[in-house]
Amino acid sequence: MNKSSSTAAAADGTSDLASAGVSLRSRERPASTFFLVFAAALVLPVLLFASFLAWTHVKAEQARAVAWAQSLARELSVSIDRELAGPGFVLEALATSDELQRGDLESFHDRASKIARALGVFIVVRAPGEPRQLLNTSVPWGTALPVVSPEIPRFDEQVLREKKPVVTSAFVAPLQKHLMVGVIVPVLRDGEVIYFLSLGMPVERLQPALSQARLDEGWLAAVTDSTGTIVARSTDPGPFVGRKAPAEWMSRTSGMEGLWRGRNLLDVDVVAAYARSLETNWYTTVSVPVSVLNAPVWQALASVLTVGFLLLLVSIAMAYWAASRLARAIGALQSAGLELERNERVSVVATPVREINEVGRVIASAATEAQRREAHLRSILATVPSGMVVADSRGRIQSFSATAERLFGFAASEMCGQNVSMLMPEPDKTAHDGYIDRYLKTGEPRIIGTGRVVLGRRKDGSAFPLELHVGEAEVDGVRLFTGFLQDLTEKRRVEQELRQTQKMEAIGKLTGGVAHDFNNLLTVIKGNLEMLEAKVDDKYRVCIDEAQEAADLAAQLTSSLLAFGRRMPLNPQLSDVGELIAATGDLLRRTLGETIVVRTGIRGGCRAVVDEGQLKNAVLNLAINARDSMPKGGTLALEVSKAELDRDYAVDHPEVRPGQYVLVAVSDTGTGMSPEIREHAFEPFFTTKPQGSGTGLGLSSVYGFVKQSGGHVALYSEEGQGTTVRIYLPLAIEKSAETTETAAIPNLPKGDDELVLVVEDDERVRRVTVARLESLGYRVLQASNGPEALSLLERTPGVGLLFTDMVMPGGMTGAELAAAARQRYPEIPVLFTSGYAGPEITGQANSRVGAWLRKPYTASDLAWALRRTLTKEESASVG
């Protein structure tokens with residue numbers, strides 16, 4: 001058998017063993033589980049039988065309660081009919097009076113008024129087809145009377161048709177302004193209806209019939225008329241009488257009686273028994289809350305569970321007593337296994353069970369050998385400068401060096417035992433195990449023995465380039481793969497910066513040369529046009545004017561191209577940039593319109609050698625771009641101050657020379673730019689404006705002017721947040737002032753082991769900031785977004801300061817993070833940083849939340865800002 005086949009066989013055996021182990025572990029259970037199953041097998045049949053008996057009893061009780069509710073509904077329906085029948089009998093007697101037959105309504109008014117007062121009702125007489133009342137006992141005879149309530153006429157039709165008394169639905173009487181129930185009786189002469197004699201009775205007259213009903217606690221009785229209006233209620237009738245019953249109840253009640261399940265007007269789940277009156281077509285309902293019906297169920301269930309729990313406790317105690325010796329022996333063996341897993345010294349297993357003692361001795365021997373090998377590997381890992389990851393033939397990580405921890409953000413304790421594919425993005429993550437299997441079966445390497453560039457995946461999910469070299473070794477029949485990894489992120493970034501700089505240089509030379517030659521051509525064209533203008537007739541003068549206008553526009557374009565190509569003739573002179581920008585700000589306030597708020601922040605002593613006209617044009621270009629990004633208005637901030645670009649910044653931007661600069665920042669609160677647009681923003685003829693609305697030379701001419709002036713330009717922008725363009729011009733300092741200023745720089749203030757939480761979404765900035773803070777004597781926690789920072793604050797006591805970027809992805813800004821942090825920890829100091837204008841310029845409301853440090857900042861800026869913030873907070877606490 002050759003080496004590759006034996007390797008494959010070993011791999012197959014290992015795979016079969018692993019599969020068997022996984023299958024066995026999926027069926028494993030602790031010994032206590034079997035003891036509990038045994039105890040439950042004794043108790044469960046008894047519990048099930050008791051539960052069945054309790055359930056049967058409770059169901060019978062519920063059926064009895066429902067039947068009683070149905071009986072009560074019938075009784076109450078009869079009581080309501082009886083209450084309404086009395087006034088009906090009185091009206092039928094009055095309908096036969098001689099006064100009505102003669103039409104002597106005034107005499108009938110006296111007689112009917114006495115009866116109405118005695119009964120506590122009012123009586124009305126109307127003629128068929130006439131809605132206006134002829135007589136009403138509630139007012140003196142002769143008083144002008146209103147028409148009847150709109151609910152009454154439909155009952156008149158029923159009286160005319162049937163010629164017998166009818167009970168109305170509830171209505172509001174026009175004179176009494178009160179909810180009433182009416183009875184209408186026909187007054188007949190020769191078999192024809194000559195009058196409607198009606199009686200209005202307050203609905204409160206029906207209340208005693210329900211209030212005296214024998215209702216259990218929580219039960220409720222109610223009466224609804226033929227339209228579904230509630231006219232009486234056994235408890236708390238005031239808020240409900242006059243309201244409509246639930247629509248679901250009205251739509252589902254039918255027949256003379258029945259049951260309904262639904263929610264009442266109090267949104268309580270009820271079971272309602274109802275009965276309908278044949279006389280009035282009214283419904284009487286007795287409702288029982290479902291919770292009241294179910295109360296016996298829960299009581300029975302609680303009793304059964306209590307008894308069952310006691311029985312189960314007794315059974316478990318007996319099972320535990322019977323198996324305690326075996327459980328202690330298994331526990332000792334388990335402790336030895338856990339010690340082996342934690343890489344600790346394995347204790348001697350001494351139990352009454354011989355087989356378990358033998359297994360314990362094997363585990364102790366294996367642990368000693370494993371610790372010896374691990375110590376050897378750790379000594380190797382400690383000396384390797386690149387990241388090193390060791391994995392077995394199944395891709396499980398065996399070792400994870402400290403450098404690898406820094407590269408990927410995982411701790412070694414997190415990764416050991418995990419599949420190495422966790423360190424890979426898709427599609428390599430899914431395909432990795434297939435690579436190993438193919439190599440073990442065929443012996444054909446893809447990476448092993450050679451180096452190649454791959455992508456790695458950090459703990460936060462971000463991908464980064466790696467140079468990977470993989471070696472293979474076999475130790476005691478176990479095949480191990482060792483990977484050496486080197487982060488190429490910084491190398492790629494510097495290469496990209498260099499390529500971008502070279503591209504802009506090449507484009508600048510090209511456009512500058514073309515513009516220069518094109519200017520010569522334009523000079524010839526314009527000169528000939530001027531000579532032709534004096535010799536042509538007036539009818540051709542329009543053509544000459546248009547050609548000259550086009551030549552002027554072309555000249556403006558070439559001027560912008562010359563600026564980008566750094567060939568624009570400049571007139572540099574020593575200027576106070578602050579005064580220049582202040583005057584420009586006044587001009588912009590008048591020209592940008594009322595919807596744009598222009599704010600300025602000018603520091604004194606900001607002098608530079610610069611062409612004033614070109615600087616004004618650059619600021620004007622930026623202001624116009626800012627205005628176009630704020631179609632609905634916003635804030636434009638102009639800021640002038642001194643700034644220092646240090647060596648750290650120059651490392652990230654190779655074209656920058658470290659030193660003192662005058663910073664001119666133009667910020668807006670507009671729509672911002674996407675990363676793709678930012679990448680091309682300074683290129684000539686690149687524009688996002690509609691066709692004909694821009695030349696695409698505004699930012700490129702700014703870029704060329706600044707570069708030609710020996711400066712640097714930086715662009716910060718986030719979609720939905722706004723844009724800041726920063727122009728850095730070399731600061732003009734007299735020799736004596738420079739010497740004095742240099743001599744006056746004190747030592748940087750150091751930290752006192754305070755714990756600082758750094759929140760920054762840009763990994764490069766975060767890494768540099770953390771290194772600076774650690775060199776200044778601070779302890780550092782780091783997070784890439786707001787939610788992660790809040791989680792760290794919750795888990796880590798003693799955070800002395802929150803240092804956060806203002807604009808971050810993920811839905812939470814720095815200001816929102818600071819507000820959330822101070823809700824939980826009101827005393828925590830906060831230091832903000834951002835590439836945008838400071839809050840004192842843009843007028844942001846969150847400027848009072850904490851101090852502010854503008855990007856880019858030097859180590860000195862950071863050290864002093866931290867110390868000022870911490871000192872201010874300590875002073876406030878003492879005060």
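Here is a walk through this protein chain, from the overall picture down to a few single residues.

Keep in mind from the start that this is a predicted model. The mean pLDDT of the protein chain is 76, and 74% of its residues reach 70 or more. Confidence is highest in strand E24, at 93, and lowest in helix H1 (residues 3-27), at a mean of 43. Over residues 1-24 the pLDDT is below 50, and beyond near neighbours in sequence this stretch has 9 contacts in the model. Another stretch to treat with care is residues 840-848, where pLDDT stays under 50 and the model has 20 contacts beyond four places in sequence. Where pLDDT is low, the predicted coordinates should not be read in detail.

Now for the whole chain. It has 879 residues, and buried ones make up 42% of them. Its secondary structure comes to 25 helices and 28 strands. If you look at contacts with a separation of 6 or more, 61% of them are between residues 24 or more positions apart. On the outside, the accessible surface comes to about 47,200 Å², and 56% of that belongs to carbon and sulfur atoms.

Next, step inside. The largest nonpolar core has 48 residues, and Leu197, Leu206 and Trp282 are those with the most contacts inside it. Helix H2 (residues 31-94) gives the most to this core, with 9 residues. There is also a second, separate core of 37 residues, which includes Ile581, Ile596, Val619 and Leu622. In soluble globular proteins, nonpolar side chains tend to be buried together. Back in the largest core, try clicking on Leu197: setting aside neighbours within four places in sequence, its contacts include Leu91, Leu94, Phe108, Ile123 and Val185.

Further along the chain there's an open sheet to trace. Its 5 strands sit in the order E25-E24-E26-E27-E28, with parallel pairing. Strand E25 (779-783) and strand E28 (851-854) are the edge strands, each pairing on one side only. From one strand to the next, the twist averages 20°. Helix H21 (residues 763-775) lies across strand E24 (755-759), E25 and strand E26 (801-805), and runs at about 165° to E25.

Strand E27 (residues 830-834) is a good one to zoom in on. With E28 it pairs in the parallel sense over 4 bridges, and 4 bridges also join E26 to E27, again running parallel. Leu831 lets you see both pairings: Phe803 stands opposite Leu831 in E27, while Leu831 stands opposite Ala851 in E28. How many of the residues of E27 are buried? The count is 5 of its 5. In a regular strand the side chains alternate between the two faces of the sheet. Here, Val830, Phe832 and Ser834 lie on one side of E27, Leu831 and Thr833 lie on the other, and both faces are covered.

For a last stop, find Gly720, in the loop between strand E22 (712-718) and strand E23 (722-730). Is Gly720 buried or exposed? Gly720 counts as exposed because its relative accessibility is 61%, and the cut-off for exposed is over 50%. Even so, Gly720 has some company from elsewhere in the sequence: leaving aside neighbours within four places, Gly720 is in contact with Gly670, Thr671 and Gly672. Gly670 is 50 residues from Gly720 in sequence, yet the two are 7.0 Å apart in space, C-alpha to C-alpha.

Notes. Residues numbered from 1 in each chain as written. Predicted model: local features only at pLDDT ≥ 70, side-chain atom pairs only at ≥ 80, totals over all residues. Heavy atoms only, no water. Pairing = 2+ DSSP bridges. Helix = DSSP H or I, 4+ residues; strand = E, 2+ residues; numbered from the N terminus. Axes fitted to C-alpha atoms, helices over the stretch in contact; angles between N-to-C directions. Contact = heavy atoms within 4.5 Å. Buried < 20%, exposed > 50% of the residue type's maximum accessible area, 1.4 Å probe, protein only. Areas by Shrake-Rupley, 256 points an atom, 1.4 Å probe, with all protein chains shown as cover. Core = buried A, V, L, I, M, F, W, Y, C linked by side-chain atoms within 4.5 Å. pLDDT = per-residue confidence, 0-100.
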